[in-house]
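User: I've got a new structure open and I'm not sure where to begin. Could we go through it bit by bit?

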Amino acid sequence: MASFSRLSATFLCNAVARRICSTLLPLLCLACDGVSRPDDTLGMQSVARWEWHGRLAVEADSALTLVRMAIDTTHGGGDVALARFDFNPAVGEGDEYSLSLGLDLGHARDLRQNVPYALGPPPAPIPAYATVTCLCRPLKPDSVRGTFTLATRGLRQITGRVDATLYFTEWNDTARHVTYSLHQRIDLLK
């Protein structure tokens, strides 16, 4: 009888160990996704859009001191992405800001995984545009400099990493410049 209880305890222990390994191990692997890093910026991605046949439409409106950025799918084009990251760096109110990032990926299927592609104006392989929304003086976009690294591309999702500096100029004083850093994971959905 004692050997039977030891045998059933062993089977129970093995079953529990298998259950723990089959449920926790995948979760631990997701936590170490290889795209996120400990020193990432602390933005929360609130918008993620990827279109296969589109182009980025970036339009400045100096009368309202704003820049509109959208995806236009009526005229065809390549793979384009639009994402927004919301930041709240301090406990107080008034320092929150949002960064919107538009990427013209060309043909995403041609991008190789784990290769950092330069962002910015041509000749960079991935043209990028950015806007900022904040409780500050109105800012107009100058340029985006950095890299985009593709981690995975599926039928309906692109996961990657953006390591970039976004440059802006004040609308009323072109001598004043502001920069924002964006170093984090980006998830784009179709």
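User: Let's start with one residue: is Thr147 buried, exposed or partly exposed?

Analyst: Buried means under 20% relative accessible area and exposed means over 50%, with partly exposed in between (1.4 Å probe, protein chains only). Thr147 has a relative accessible area of 24%. That value falls between the two cut-offs, so Thr147 is partly exposed.

User: Before we go on, from which number are the residues of each chain counted?

Analyst: This is a predicted model, so local features need pLDDT of at least 70, side-chain atom pairs count only at pLDDT 80 or more, and totals for chains, interfaces and linings use all residues. Side-chain values use heavy atoms, leaving out hydrogens and water, and residues are numbered along each chain, as its sequence is written, from 1.

User: Back to Thr147: how far apart in space are Thr147 and Asp163, C-alpha to C-alpha?

Analyst: Thr147 has its place in strand E7. Along the sequence, Thr147 and Asp163 are 16 residues apart. In space, C-alpha to C-alpha, the distance between Thr147 and Asp163 is 5.3 Å.

User: Okay, zooming out, how many strands does the chain have?

Analyst: Helices (H or I, at least four residues) and strands (E, at least two) are DSSP runs, numbered from the N terminus. From that end on, the elements run α-β-β-β-β-β-β-β-β-β. The secondary structure comes to one helix, and the number of strands is nine.

User: Which strands are the edges of the five-stranded sheet?

Analyst: Two strands pair if DSSP finds at least two bridges between them. This open sheet has the order E2-E1-E3-E4-E6, with antiparallel pairing. An edge strand pairs on one side only, and here these are E2 and E6.

User: By what angle are neighbouring strands of that sheet turned against each other on average?

Analyst: The axes are lines fitted to C-alpha atoms (for helices, over the stretch in contact), and angles run from 0 to 180 degrees between N-to-C directions. For neighbouring strands of this five-stranded sheet, with direction ignored, the average turn is 40°.

User: In the hairpin of E1 and E2, which residue takes a positive phi?

Analyst: E1 covers residues 44-61 and E2 covers residues 66-72, and they pair in the antiparallel sense over seven bridges. One bridge partner in E2 is Ile71, which goes with Leu56. Four residues lie between the strands of this hairpin, and the one with a positive phi near 50° is Thr65.

User: At the other end of the sheet, which residue in E6 stands opposite Leu99?

Analyst: Strand E4 takes in residues 97-106 and pairs with E6 in the antiparallel sense over seven bridges. Opposite Leu99, in E6, stands Val132.

User: What about the sheet of four strands: by what angle are its neighbouring strands turned on average?

Analyst: This one is an open sheet too, in the order E5-E7-E8-E9 with antiparallel pairing. Its edge strands are E5 (116-119) and E9 (177-189), each pairing on one side only. With direction ignored, neighbouring strands are turned against each other by an average of 15°.

User: Over how many bridges do E7 and E8 pair?

Analyst: E7 spans residues 139-153, E8 spans residues 157-170, and their pairing is antiparallel. As an example, Lys140 stands opposite Thr169 in E8. The number of bridges between E7 and E8 is 13.

User: Any pockets to look at? Which strand gives the most residues to the lining of the largest pocket?

Analyst: On a 1 Å grid over the protein atoms alone, a pocket is an open set of points where a 1.4 Å probe fits, with protein on both sides within 12 Å along at least five of seven lines; lining residues have an atom within 4 Å of a point. The largest pocket holds about 300 Å³ of space. Among the residues closest to its centre, out of 17 in the lining, are Val67, Ser100 and Thr131. Four lining residues, the most from any element, come from E6.

User: And is Glu51 in E1 buried or exposed?

Analyst: Glu51 lies in strand E1, and its side chain has a polar contact of 2.9 Å with that of Lys190. (A polar contact is a pair of N or O atoms within 3.5 Å; within protein, one must be able to donate a hydrogen and the other to accept it, and residues adjacent in sequence count only if both atoms are side-chain atoms.) Because its relative accessibility is 16%, Glu51 counts as buried.

How values were computed: Points joined across faces, edges and corners; volume = space filled by probe spheres on them.
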